[in-house]
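Trainee: I would like to learn how the terms used for a protein model are justified. May we go through them with the model in view?

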Amino acid sequence: MTFEHADVRTSSKPWGSHDLRPWSRYGNSETAIGELRFDRPETHAPDPALLFKLLFTKQRLSIQVHPDDAFAHSMGMANGKTEAWYVLSAEDSAQVAIGLKRMLTQPQLRAAIADGSIADLVKWQTVAAGDVFFIPAGTIHAIGPGLVMAEIQQRSDTTFRLFDYGRSRELHIDQAVAVVDLGPAKPDKAATCLTAERMKLVSCDFFVLERIDLPPDANWELQAQRETWALVTAGDATIGSLRAGVGDAFFAEADRAVINVGPSGLTVLLAYADSAPQPGLLRDLDDGKPDFAIRESPQVGIASKKPDSVSLRSAEGHL
Ligand SMILES: [Zn+2]
C-alpha cells in the first residue's frame, strides 16, 4: 500500500460557494459548490469507514440532526452519523448552532418547527478559524454563511432536516424528533497537546481528529495504522513520492511515509478511524525518537506550536 492522493468529488448545494480558493481549483464553477468530498482514487477499494469533506457556505444550511447507530440500524442503514468540524476560515460574525438554548418537550419542538421559531431556539455562536466542534449523533445543529470547514464523519448520508428556512427541500420532522437531544449541548472538552507536534482536537468512539504542526525543513515519518485521512492546511511538503500543498488530501491505511517538510513548515489535519490517539504516529527522523510517550494532559499551552489558536467547543457524549 502507498499513500494515495485523494480524488475530489464536488456536490452542488443551494447554500454553496462559487469561489473555493485556496482549497480547490474548482473555484470558477457556474454552480454553487457546497461540498468537496475526498475519495480513494482506487475505485475497487473497499469503502472507508469515514467521510472527509470540505464545506463552503454562502447561505444558512438547514437545521438538522443525524441518527445514532442504533436508530440507523433500526432503519436498515449501516451506521449513524457523528461528525466533527474544524473551521478553516470564517467571515466576520459567521456562526454555527449546536444544541438548543433550553430544554424543550417534543410538542414544543414540533411547534417551534411549525412556526419557524426553531431558528432562534438553537444556540448560535460566532466562530473563528481554528475552532473545533464535536457533533455527536442526536445533536441538533446548523451552519451559517461565510464559513469554510473541514468535516470528518462516520460514513453516512442520513440527515434529518427539521427546518430549511422556506426552501423547498424535504423535511424529516418525525424522524428528527425521534432522535434529537431536546436540550443544550454538553459542555466543551479542551483540545489536548499530545506532543509538541500533535494536538488532539476530538476523539470519540468513531474517529480521532488531530492537528499536526511540523517545523520548516524537518523530516518525519508518518505511520498510519488505521484508515487515515490527511489534509494540508498550511505549508507544503513531500509525503512519500507525492507533493503536498494547501488543499491536498491523502488516504493511507497500514502504511508509513516519509514527510520532507518545505521551507514554510507544514500543518495537517489528520483524521483516523480509532477511538483514542495512536502512539507512534509520528517519528522525528532528524533525532530518531518516536512519539510513543504521548503526554495526554489538558494543558493546552504546553507545546510550542501556538495551541492558543485552537479552541474546542463541543457537545461531548451521548453517542
Ligand atoms: Zn450534520
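Mentor: Let us begin with one helix, where the face of α2 turned away from its buried side carries the exposed residues Pro107, Ala114 and Asp115. This is a predicted model, in which local features need pLDDT of at least 70, side-chain atom pairs count only at pLDDT 80 or more, and totals for chains, interfaces and linings use all residues. Residues are numbered from 1 along each chain as its sequence is written.

Trainee: What makes a residue buried or exposed?

Mentor: A residue is buried if 20 or more other C-beta atoms, placed from the backbone, lie within 10 Å of its own, exposed if 12 or fewer, and partly exposed in between. In α2 (residues 106–115), Leu109, Ala112 and Ile113 are buried. These buried residues fall within an arc of 100° seen down the helix axis, so they line one face of α2; the arc is that of the directions from the axis to the C-beta atoms.

Trainee: Why is strand β15 called largely enclosed?

Mentor: In β15 (residues 208–214), 7 of the 7 residues are buried, so the rest of the structure largely encloses this strand. Helices (H or I, at least four residues) and strands (E, at least two) are DSSP runs, numbered from the N terminus.

Trainee: How do you know that β14 and β15 pair?

Mentor: Two strands pair if DSSP finds at least two bridges between them. Strand β14 (residues 198–203) is joined to β15 by 5 bridges, so the pair meets the definition; the two run antiparallel. They form a hairpin with 4 residues between them.
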